[in-house]
Amino acid sequence: MAKGAPAILTIAGSDSSGGAGIQADLKTFAALGCYGASAITALTAQNTIGVQAVHGTPPDFVSQQINSVLGDIDVRGMKTGMLFDSNVIHAVASTLKEHFSSNGIIPLVCDPVSVSTSGHTLLHPDAIDTMMNEMFPLASLITPNKFEAELLLRKRGFPFAINTVQDMITAAQNLSTLGSNAVLLKGGHINISREEISGVVSPDIEVNRDFIFDQNVEILLAHNSANATNEFVVDVLFIKSEGKAILYPRPRLVSSSTHGTGCTLSAALACALGRDIALAEATAQATSYTHLGIETASPIGQGFGPLNHLHLVTKSLIAPRTNRNPFPLTYSLIRNTSAKWTKYVQHEFVTQLGKGTLERSSFLHFIKQDYHYLKYYARAHALLAAKSDNFAPILAATHIVLHIAKESSMHTSYCAQWGITKEELESTPESSTTTAYGAFLLDAGLQGDTMRLVMVLAACLLGYGEVGLWLKSEAQKPNSWVVWEGNPYLKWMEDYSGEDYQNAVKVGLETIESRAVADPPSASRYAEWLAAWERCTDLEKSMSCCCYFRVNVQFSNMASGNGETTATFDCPVAYARTRTRYT
């Protein structure tokens, strides 16, 4: 066990099949770097199909187990699961209350387990009131599911059916009056749409977006049909002291590997609270761990099998590739540079181009500079070939160089349609930003590892794929600001959003994701990749600078009395390249 790993205590039943109860808790504790201790409240004979028998532990012996652990080990967090009956609940509550009064309060997560996933009763009916009266006031957090929440509320005179996200928020607020500091109402039994989530957001209701793709990730959505779902599971956290609700949505998974989900979630919460992590962040971490445990699980048994509790054992800075999110590295890069990425994708050059109002002179300057940029782009791929150590990547990079050289003639023809001759292309000086960007590409090729150069080249490729799909997506909205038909720049938009370029985007996505899986980055190496991605985004945005505003500025030289002089300046703001099908 790692030095400084907090000790966490689970007070719950034993699952002979290993998927739920203390077995699930102890696996979760270990996977999250905590030391696990346990007090067993009941023995069950069960498997993935169901519960065959339950044998309760004598209440005095449950208390003795708890005191043995707390009397010796510095426990930093606790959770309760299946508490069997009112006598056991009373014994647990009395033991904890006595310890808290003399030694200080330990964060406690109370999972009010009453019914198993397969529908078997795990708590005697007369024990519900005892749990609410004695356990809830000791709890930092309670974690009922829909059916448990409805049962608890009925017991306290709140007959309430929970079917919508607004119902969940109201129910969580009502449950907070039962004694605990906070409530996490689990939504696994309720289908929620994206629109419903958006409809309840207010100053007092936040949405955690860890599992909802933000804006300007059209390339990830377009190349991932599994994420097109509009069905979400939403957990609702209500923190009584703050009067605030936080929603934790994630795509609904179709899986039979859900045995022990509630146990796993509450165990992960206890680990986070045991590390003094704030409740909102603790919930984000715990819900993410549990969701990925379901998503990465392999079927075990003939019924509802267990989660994969060990998906974090092999530590990685990048989430595992799944059907829902096959591009975790790219999403991480975009999310960690979201402000710059959005400014780049939605730049004024792009919006004016989409409206068809972009100044012709700006576009002409842009495609001239792009001609020079393509030379750098080809040379960078030549360096990629030089850095490769076997023939497959050498051949692939060489093929791209030859393709760019060949397609440069198409760029020349495209420029001719705008009245730009080959001689004019060659004689037009590079702007300082084009040179700076080109130098960055070559520098990435000359130093650092191969993946850093791949990252830089991919950022160029994926960025314009995103711009093209964003414009196309906006154009399809009612009363869109994007002018499609009759737009003088329609071919540019069609090319970047079209099948040919998006096929290249798909290959680019697969390239960087598969390389990251084959050779997972260390923290310092990921930081280099992120810095390269961010720098490339900055340079794309600043290259825009040279191509968006070419303004005639009239100024009067008052000091010399020379009258008015006209000067042309490259104003650094924004542009988007036309490297159409050159990759």
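**Exercise 1. The nonpolar cores**

Which residues have the most contacts inside the largest nonpolar core, and how many residues does this core have? Identify also the helix that contributes the largest share.

*Solution.* The model is a predicted one. Step 1: the largest nonpolar core has 78 residues. Step 2: within this core, the most contacts belong to Leu329, Phe363, Leu441 and Trp492. Step 3: helix 18 (residues 450–475) supplies the largest share of the core, namely 16 residues. Step 4: another core, of 60 residues, lies apart from it and includes Ala37, Ala42, Met131 and Ile169.

**Exercise 2. The surroundings of strand 4**

Determine which strands pair with strand 4, and describe the handedness of the crossover that leads from strand 4 to strand 5.

*Solution.* Step 1: strand 4 spans residues 75–80, and five of its six residues are buried. Step 2: strand 1 (residues 7–15) pairs with strand 4 in the parallel sense, over five bridges; here isoleucine 8 has glycine 77 of strand 4 as its bridge partner. Step 3: strand 5 (residues 108–110) also runs parallel to strand 4, joined by three bridges, and lysine 79 stands opposite valine 109 of strand 5. Step 4: between strands 4 and 5 the chain passes through helix 3 (residues 86–103), and this β-α-β crossover is right-handed.

**Exercise 3. An aromatic pair**

Classify the ring pair of tryptophan 341 and tryptophan 533, and state where each residue lies.

*Solution.* Step 1: the structure holds 14 aromatic pairs. Step 2: for tryptophan 341 and tryptophan 533, the ring centres are 5.5 Å apart and the planes are at 25°. Step 3: planes under 30 degrees apart count as stacked, and therefore this pair is stacked. Step 4: tryptophan 341 belongs to helix 12 (residues 338–345) and tryptophan 533 to helix 21 (residues 523–548), so the pair links distant parts of the chain, 192 residues apart. Step 5: both residues are buried, tryptophan 341 with a relative accessible area of 1% and tryptophan 533 with 0%. Step 6: the two tryptophans belong to one aromatic cluster, together with Tyr344, Tyr464, Trp492, Tyr496 and Tyr501.

**Exercise 4. Salt bridges and burial**

Examine the salt bridges of aspartate 111, lysine 146 and lysine 477, and decide for each partner whether it is buried or partly exposed.

*Solution.* Step 1: a search of the whole structure finds 20 salt bridges. Step 2: aspartate 111 meets lysine 186 at 3.5 Å, N to O. Aspartate 111 lies in the loop between strand 5 and helix 4, and lysine 186 in the loop between strand 7 and helix 7, so the pair ties together parts 75 residues apart in sequence. Both aspartate 111 and lysine 186 are buried. Step 3: lysine 146 and glutamate 150 form a salt bridge whose closest N and O atoms are 3.0 Å apart; both lie in helix 5 (residues 146–155), four residues apart, or about one turn of the helix. Because buried means under 20% relative accessible area, lysine 146 at 10% is buried, and glutamate 150 at 11% is buried as well. Step 4: lysine 477 and glutamate 474 form a salt bridge with the closest N and O atoms 2.8 Å apart. Lysine 477 is partly exposed, at 43%, whereas glutamate 474 is buried, at 12%. Step 5: a network of salt bridges links Asp129, Lys155 and Arg156.

Terms used. Residues are numbered from 1 along each chain as its sequence is written. This is a predicted model: local features need pLDDT of at least 70, side-chain atom pairs count only at pLDDT 80 or more; totals for chains, interfaces and linings use all residues. Side-chain values use heavy atoms; hydrogens and water are left out. A nonpolar core is a set of buried Ala, Val, Leu, Ile, Met, Phe, Trp, Tyr and Cys residues joined through side-chain atoms within 4.5 Å. Buried means under 20% relative accessible area, exposed over 50%, partly exposed in between (1.4 Å probe, protein chains only). Helices (H or I, at least four residues) and strands (E, at least two) are DSSP runs, numbered from the N terminus. Two strands pair if DSSP finds at least two bridges between them. A crossover is right-handed if, with the strands pointing away from the viewer, the path from the first strand over the helix to the second runs clockwise. Rings of Phe, Tyr and Trp (its six-membered ring) pair if their centres lie within 6.5 Å; planes under 30 degrees apart count as stacked, over 60 as edge-to-face and the rest as tilted. A salt bridge is a side-chain nitrogen of Lys or Arg within 4 Å of a carboxyl oxygen of Asp or Glu.
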